[in-house]
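Please open the structure in the viewer and keep the selection panel at hand. The tour proceeds from one selection to the next and states what is found at each stop.

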Amino acid sequence: MRSIAHFSTWICAEASQILCAEWEIRRASLGVKRFGKEVTMKMDFHTHGKLAKKLPFSEVYTNWLFAEAKRAGLDAICLTEHFNTLGFDRIYSHIRNSCDREGDTFVADGLRIFQGMETDIAEGGHILSIGPADAILELNRRLEPHKEKGNFLPFAQLLALLREYPVLV
C-alpha cells in the first residue's frame, strides 16, 4: 500500500512554491465535515482504475481496486487515471453508474472516490489534478490534441489550463 505522501507529481523548482500555495488554498475542498466537525480520512492521492494504459477498461479490475483500498483501511482514494489511457471516459462512466454520488465525490461500499487525472508534461513527468467529474472529463477532452508524446503541453501551459477549473493541482 502506498502512503498518503506518495506522489509521482513532477514539480520544477520555480513552480514548487506556486503549487504548495495552491495546495494550501485548495486542500480544504477535499475535507469532509460530519456534524460540524472535521473528519480525518486515510486516503491514497494517486490510484489508477486500469492495470495499464493500453489495456481495455475492466469493471472487474476497477471494482477489485475499490474493494482492496477499503480492505487496506483507506477511507478514500483519488482516482488519477492517465489522461491518455484507452477508454478514459469509460472509467468515469462506470463510477457514475455503479457508485452513490455525494457532492463532487462518489462512494462505493463506503470508499469515497475523488475523481482526478494524471497528465504528462513536455518537460517529463506527470501532474495530478483532482476535482469534480465533469471538470476532469472536460479537461480530458480539451487535452485531446496533447495526448501523444511530442505533443504534451509544457508545465506552465498545463497549469494555466488547470487553473480554469475547480481542481486541486
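Begin by selecting H82, which has its place in strand 4. The model on display is a predicted one. With a relative accessible area of 15%, H82 is buried, because the limit for that class is under 20%. Display its surroundings next: leaving aside residues up to four places away in sequence, H82 touches H48, K53, F88 and E118. Two of these neighbours, K53 and F88, return at later stops.

**The whole chain**

Zoom out and colour by secondary structure. The chain comes to five helices and eight strands. Followed along the sequence, these elements give the pattern α-β-β-β-α-β-α-β-β-β-β-α-α. Of the 169 residues in the chain, 46% are buried. If contacts are drawn between residues at least 6 apart in sequence, 69% of them join residues at least 24 apart. Switching on the surface shows an accessible area of about 9200 Å², with 54% of it belonging to carbon and sulfur atoms.

**K53 and D120**

Return to K53 and add D120 to the selection. The two residues form a salt bridge, in which the closest N and O atoms are 3.8 Å apart. This pair links distant parts of the chain: D120 belongs to strand 7, whereas K53 lies in the loop between strand 3 (43–47) and helix 2, and 67 residues separate them. Which of the two classes, buried or partly exposed, applies to D120? D120 is buried, at a relative accessible area of 9%. K53, by comparison, is partly exposed, at 25%.

**Helix 3**

Select helix 3 (88–98) and show its side chains. F88, I91, Y92, H94 and I95 are the residues to highlight here, as they are buried. Now turn the view to look down the axis of helix 3: the buried residues fall within an arc of 150 degrees, so they line one face of the helix. What covers these buried residues? The cover includes helix 2, strand 4, strand 6, strand 7 and helix 4.

**The largest nonpolar core**

Keep Y92 and I95 selected and add F66, I77, I113 and V167. These six have the most contacts inside the largest nonpolar core, which has 36 residues. Two or more core residues come from each of helix 2 (59–71), strand 4 (76–82), helix 3 (88–98), strand 6 (105–108), strand 7 (111–120), helix 4 (133–142) and helix 5 (155–162). In soluble globular proteins, nonpolar side chains tend to be buried together.

Centre the view on I113. Beyond residues up to four places away in sequence, I113 touches F66, I77, L79, I95, C99, T105, F106 and A108. Another core lies apart from the largest one; it has eight residues, and M41, M43, C78 and L168 are among them.

**T105, R112 and E102**

From I113, move to T105, which is found in strand 6. T105 is buried, with a relative accessible area of 7%. Its contacts, again not counting residues up to four places away in sequence, are with D100, R112, I113, F114 and Q115. Within this group, pick R112: a polar contact of 2.7 Å joins the side chains of T105 and R112.

Add E102 to the selection. E102 and R112 form a salt bridge, and their closest N and O atoms are 2.9 Å apart. E102 sits in strand 5 (residues 100–102) and R112 in strand 7, ten residues apart, so that the pair is one linking distant parts of the chain. R112 counts as buried at 11% relative accessibility, while E102 is partly exposed with a relative accessible area of 40%.

**D109**

Next, select D109, located in the loop between strand 6 and strand 7. Its backbone deserves a check: D109 has a positive phi of about 50 degrees although it is not a glycine. Is the residue exposed or buried? D109 is exposed, with a relative accessible area of 77%.

**K147 and E144**

For the last stop, select K147 together with E144. A salt bridge joins them, with 3.0 Å between the closest N and O atoms. K147 counts as buried, at 12% relative accessibility. The structure holds six salt bridges, including those of K53 with D120, E102 with R112 and K147 with E144.

Definitions and conventions: Residues are numbered from 1 along each chain as its sequence is written. This is a predicted model: local features need pLDDT of at least 70, side-chain atom pairs count only at pLDDT 80 or more; totals for chains, interfaces and linings use all residues. Side-chain values use heavy atoms; hydrogens and water are left out. A nonpolar core is a set of buried Ala, Val, Leu, Ile, Met, Phe, Trp, Tyr and Cys residues joined through side-chain atoms within 4.5 Å. Buried means under 20% relative accessible area, exposed over 50%, partly exposed in between (1.4 Å probe, protein chains only). Helices (H or I, at least four residues) and strands (E, at least two) are DSSP runs, numbered from the N terminus. Contact means heavy atoms within 4.5 Å. The arc is that of the directions from the helix axis to the C-beta atoms. A salt bridge is a side-chain nitrogen of Lys or Arg within 4 Å of a carboxyl oxygen of Asp or Glu. Accessible areas come from the Shrake-Rupley method with a 1.4 Å probe; for residues, only the protein chains shown count as cover. A polar contact is a pair of N or O atoms within 3.5 Å; within protein, one must be able to donate a hydrogen and the other to accept it, and residues adjacent in sequence count only if both atoms are side-chain atoms.
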